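I opened my notebook to follow how the strands and helices of one chain fit together. The entries below record what I looked up, in the order in which I looked.

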Amino acid sequence: FARRAHQPDPSILSVVMGWGGDSKGKGWGKAWGIQNFFGKGFGGDFGKGKGKGKRKTDPEKTAWIGGLPENEASVERNKALVEHLKQAGECKFVKIGKSGTGCAAFTTADEVATAIATLNGSVFQGVAIQVDVWTKKEEA
């Protein structure tokens with residue numbers, strides 16, 4: 001019986017799988033030891049990407065956006081708003097939440113100033129939007 005390199009030794013496999021040992025009806029009690037044998041068990045962390053993580057927003061290059069209707073947040077609206085804001089400069093992304101407010105990231109602080117000056121009060125999808133400086137929430 002010639003074993004291939006990728007096949008485990010049958011004697012090790014029987015111990016790991018819980019076969020053999022005492023016969024008190026606890027044969028499969030050891031079977032979960034296979035998780036320790038293979039590290040995290042079957043599946044592990046395979047296929048999970050690192051993702052983008054949270055984007056760090058530089059307050060100097062971020063504008064506050066408001067005045068949009070509540071509970072109408074969508075990826076399509078955010079993409080359309082990016083295009084609208086590109087009139088003022090290179091808008092990288094927009095994130096508007098369910099509250100109708102959010103932020104827009106630009107590449108430079110000058111573009112933020114231009115966006116505030118030119119797009120504050122502009123009409124986007126039938127609504128006058130507010131564009132202002134990005135400030136962190138003050139703790140009360």
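I began with one pair of residues and noted that phenylalanine 93 has alanine 105 in strand 3 as its bridge partner. Strand 2 and strand 3 (residues 102-106) run antiparallel and are joined by five bridges; strands here are DSSP runs of E with at least two residues, helices are runs of H or I with at least four, and both are numbered from the N terminus. Two strands count as paired if DSSP finds at least two bridges between them.

Before going on I wrote down that this is a predicted model, in which local features need pLDDT of at least 70 and side-chain atom pairs count only at pLDDT 80 or more, while totals for chains, interfaces and linings use all residues. Residues are numbered from 1 along each chain as its sequence is written, and side-chain values use heavy atoms, leaving out hydrogens and water.

Next I looked up the whole sheet, which is open and has four strands in the order 2-3-1-6 with antiparallel pairing. Its edge strands, each pairing on one side only, are strand 2 (91-96) and strand 6 (130-133).

I then turned to strand 1, where alanine 63 has alanine 104 of strand 3 as its bridge partner and stands opposite valine 133 in strand 6. Four bridges join strand 1 to strand 3, and strand 1 pairs with strand 6 over four bridges as well. Four of the five residues of strand 1 are buried, so this strand is largely enclosed by the rest of the structure; buried means under 20% relative accessible area and exposed over 50%, with partly exposed in between (1.4 Å probe, protein chains only).

For helix 4 (residues 109-119) I noted that the helix lies across strand 1, strand 3 and strand 6. Which residues of helix 4 are buried? I found Glu111, Val112, Ala115 and Leu119, and seen down the axis of helix 4 its buried residues fall within an arc of 105°, so they line one face of the helix. The arc is that of the directions from the helix axis to the C-beta atoms. The face turned away from the buried side carries the exposed residues Asp110 and Ala117.

Last, I looked up valine 94, which, leaving aside neighbours within four places in sequence, is in contact (heavy atoms within 4.5 Å) with Asn78, Leu81, Val82, Leu85, Cys103 and Ala104.

Technical notes
Axes are lines fitted to C-alpha atoms, for helices over the stretch in contact, and angles run from 0 to 180 degrees between N-to-C directions.
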